[in-house]
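Colleague: I'm new to this, so could we look at a model together? I'd like to hear how you decide what to call things.

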There are 2 protein chains.
Amino acid sequence: MEFANVSERQAMSPELAVSTVIFALRDELRDGEPTGRRTLWLPLIRRTREPFRGQWALPGGPLGVRQTLQDAAAGNLRATTGLAPSHLEQLYAFGGLDRSPAHRVVSIVYWALVREEHPDAPQLVKDPHVAWFPARDEAVIDALAFDHAEIVRYALWRLQNKVEYSSIAHRFLGPRFTLAQVQDVYEAVLDRRLDAANFRRHLRGASGIEATDEYLHGGKHRPPRLYRYAGDAAVVPQETTNTEEQRDRS
Amino acid sequence: MEFANVSERQAMSPELAVSTVIFALRDELRDGEPTGRRTLWLPLIRRTREPFRGQWALPGGPLGVRQTLQDAAAGNLRATTGLAPSHLEQLYAFGGLDRSPAHRVVSIVYWALVREEHPDAPQLVKDPHVAWFPARDEAVIDALAFDHAEIVRYALWRLQNKVEYSSIAHRFLGPRFTLAQVQDVYEAVLDRRLDAANFRRHLRGASGIEATDEYLHGGKHRPPRLYRYAGDAAVVPQETTNTEEQRDRS
DNA sequence: TGAATAGTGTCTTTCAGACATTATTCC
DNA sequence: GGAATAATGTCTGAAAGACACTATTCA
């Protein structure tokens, strides 16, 4: 089959794009001041073109012919944050007819975790059209372009589920961490307080976290023991191993 | 941007297709004779064109511009079996570079459950290029076209996971069923025997299954009580509600 | 020594596996 | 009555929530 131009071609098959929901853990702010807690933040991009010009949207773009889905998602992430993902996983393919006015676009969406960085770390992208927002700020999320509010909420829900049965919490952290830091991650993701004793027992049992001989000094009081993750160290799962995401409750 | 022809256009964006893995429960056969147990079967389509001409493949096809992903998946199912899905859910988007020789194709794959039908039921599609196979027959699955073996195995794994924490087992069955029938579904999907007493207690607790006043007569011995599913009756989840699949263990 | 955080022990409830037991139907 | 399947009861151990308690560091 041959087609005279792109319009005819477009009549046959929808556009294909890849977008990425990126989460990081940062200090929670109230009235501009840190509360002492941590929360989930995500980077958004301000649209400079119609449709939804001026509104915030998820990073994304068309998929190249010689580009895997994962590569495209990691590319979104690098372009937006300058960082590499410590976790990257397919979320869902969104294919509703009216996600975008005029065009029909199918978006394959990934979600990613990145390690916390100081907001003024040198490798972070400095771009007036990129900004970080609290992932649970309803005013921000509801105002997103396209169906991105729905996508962000779904990604948040997936992250919550995954943290409960899988050990990905450490991917927000560095190679050495205290159990209190892991608990901070859980509390930020699940958005509720956990009992330290039970949480500690839970971690000892079911996850690939093991104690080291080191302790974190420099705090104000008793230094906590440092732990490390002892599972497979693969930062980015392979395209061919979709041994991921499966336990969403319906 | 304008393009002179489809080749140029294709250089910009991969093809987009939708395929569907369809499961039904049927009598298990050994040497052509029923064993008394049930197992999972799936319908496959024999390819009549290159590539992989003559090999079996999952039903699928290109996505139309005004067609939702779910509609395309349900269309696969109807064309292959003549049946409507009692469950339909997105599985994964497969986007490896070399899934298909020469072309770059991204496939968004769904998985579906259909109620058991007698293999010679009138509404079933009669097509020499369609045949049903046991879903765990490694010789069949390994010989599938493209990366469909990987896809089928992933779908099976998802179905197993889902049946353990969700109540979809009844979607293999009619509106009224006995607990033994539900147990048969679980045993076929999980591929192991379950203790009837514990299984019964499990069902009473966590799922939307409730007893009716009816009993199934006509058996050889004590007639079992009939149950029904009391949850939401939606046969096909909405495109916009992805409250699905999330608990895969990684 | 006291404040603050790190870390342990124990009681209780819930739930799942193992398995013995009773119930009802048809032949 | 006996065979077969349906359905219930009970014992046990694993895991999670609640919460009291001990340990170690710094100021």
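Modeller: Sure. Let's start with a term: a polar contact is a pair of N or O atoms within 3.5 Å. And keep in mind that this is a predicted model.

Colleague: What makes R222(A) a polar contact of DNA strand C?

Modeller: A polar atom in the side chain of R222(A) sits 3.2 Å from a base nitrogen of DNA strand C. The cut-off is 3.5 Å, so that pair counts.

Colleague: Which kinds of atom on DNA strand C do R200(A) and R201(A) reach?

Modeller: For R200(A), a phosphate oxygen, with 3.2 Å between that oxygen and a polar side-chain atom. For R201(A), a base oxygen, at 3.4 Å from a polar side-chain atom. The limit is 3.5 Å, so the R201(A) pair gets in too.

Colleague: What surrounds DNA strand C, and what is the make-up by class?

Modeller: There are 18 residues around DNA strand C, and the closest are R225(A), N198(B), K220(B), R222(B) and P223(B). By class, that surface has nine charged, five nonpolar and four polar residues. Helix α6 (196-206) of chain A and α6 (196-206) of chain B each give at least two residues to it. As for the DNA side, 51% of the strand C atoms within 4 Å of the protein belong to sugar or phosphate, and the rest to bases.

Colleague: And which residues come nearest to DNA strand D?

Modeller: Out of 18 residues around DNA strand D, those are A197(A), N198(A), K220(A), R222(A) and R225(B). Here 52% of the strand atoms within 4 Å of the protein are sugar or phosphate, with bases making up the rest.

Colleague: How do you know that K220(A) makes a polar contact with DNA strand D?

Modeller: A backbone N or O atom of K220(A) lies 2.7 Å from a sugar or linking oxygen of DNA strand D. That is within 3.5 Å, so we call it a polar contact. A side-chain N or O atom of R204(B) is 3.2 Å from a phosphate oxygen of DNA strand D. The elements giving two or more residues to this surface are α6 of chain A and α6 of chain B.

Colleague: Why is N76(A) called buried?

Modeller: Its relative accessibility is 10%, and buried means under 20%, so N76(A) qualifies. You'll find N76(A) in helix α2 (residues 69-81) of chain A. Its side chain has a polar contact of 2.9 Å with the side chain of T20(A). Leaving aside neighbours within four places in sequence, N76(A) also touches other residues, including V18(A), P59(A) and G61(A).

Colleague: What makes you say that α5(A) is mostly covered?

Modeller: Nine of its twelve residues are buried, among them L179(A), Y186(A) and L190(A). The buried residues of α5(A) pack against several elements of chain A, including β1 (15-30) and α4 (148-165).

Colleague: How do you know that the span of α5(A) is close to the expected one?

Modeller: The helix covers residues 179-190 and reaches 16 Å from its first C-alpha to its last, and 16 Å is what you'd expect at 1.5 Å a residue. Right after α5(A) comes D191(A), with a positive phi near 60°.

Colleague: One last thing: which residues have the most contacts inside the largest nonpolar core?

Modeller: Those are F23(A), F172(A), F23(B) and F172(B), in a core of 128 residues. Leaving aside neighbours within four places in sequence, F23(B) is in contact with F172(B), and also with W41(B) and W111(B), among others.

Terms used: Residues numbered from 1 in each chain as written. Chains lettered and ligands numbered in written order. Predicted model: local features only at pLDDT ≥ 70, side-chain atom pairs only at ≥ 80, totals over all residues. Heavy atoms only, no water. Core = buried A, V, L, I, M, F, W, Y, C linked by side-chain atoms within 4.5 Å. Buried < 20%, exposed > 50% of the residue type's maximum accessible area, 1.4 Å probe, protein only. Contact = heavy atoms within 4.5 Å. Near = heavy atom within 4 Å. Polar contact = N/O pair within 3.5 Å; in protein donor to acceptor, adjacent residues only side chain to side chain. Helix = DSSP H or I, 4+ residues; strand = E, 2+ residues; numbered from the N terminus. Nonpolar A, V, L, I, M, F, W, Y, C, P; charged D, E, K, R; others polar. Expected span 1.5 Å × (residues − 1).
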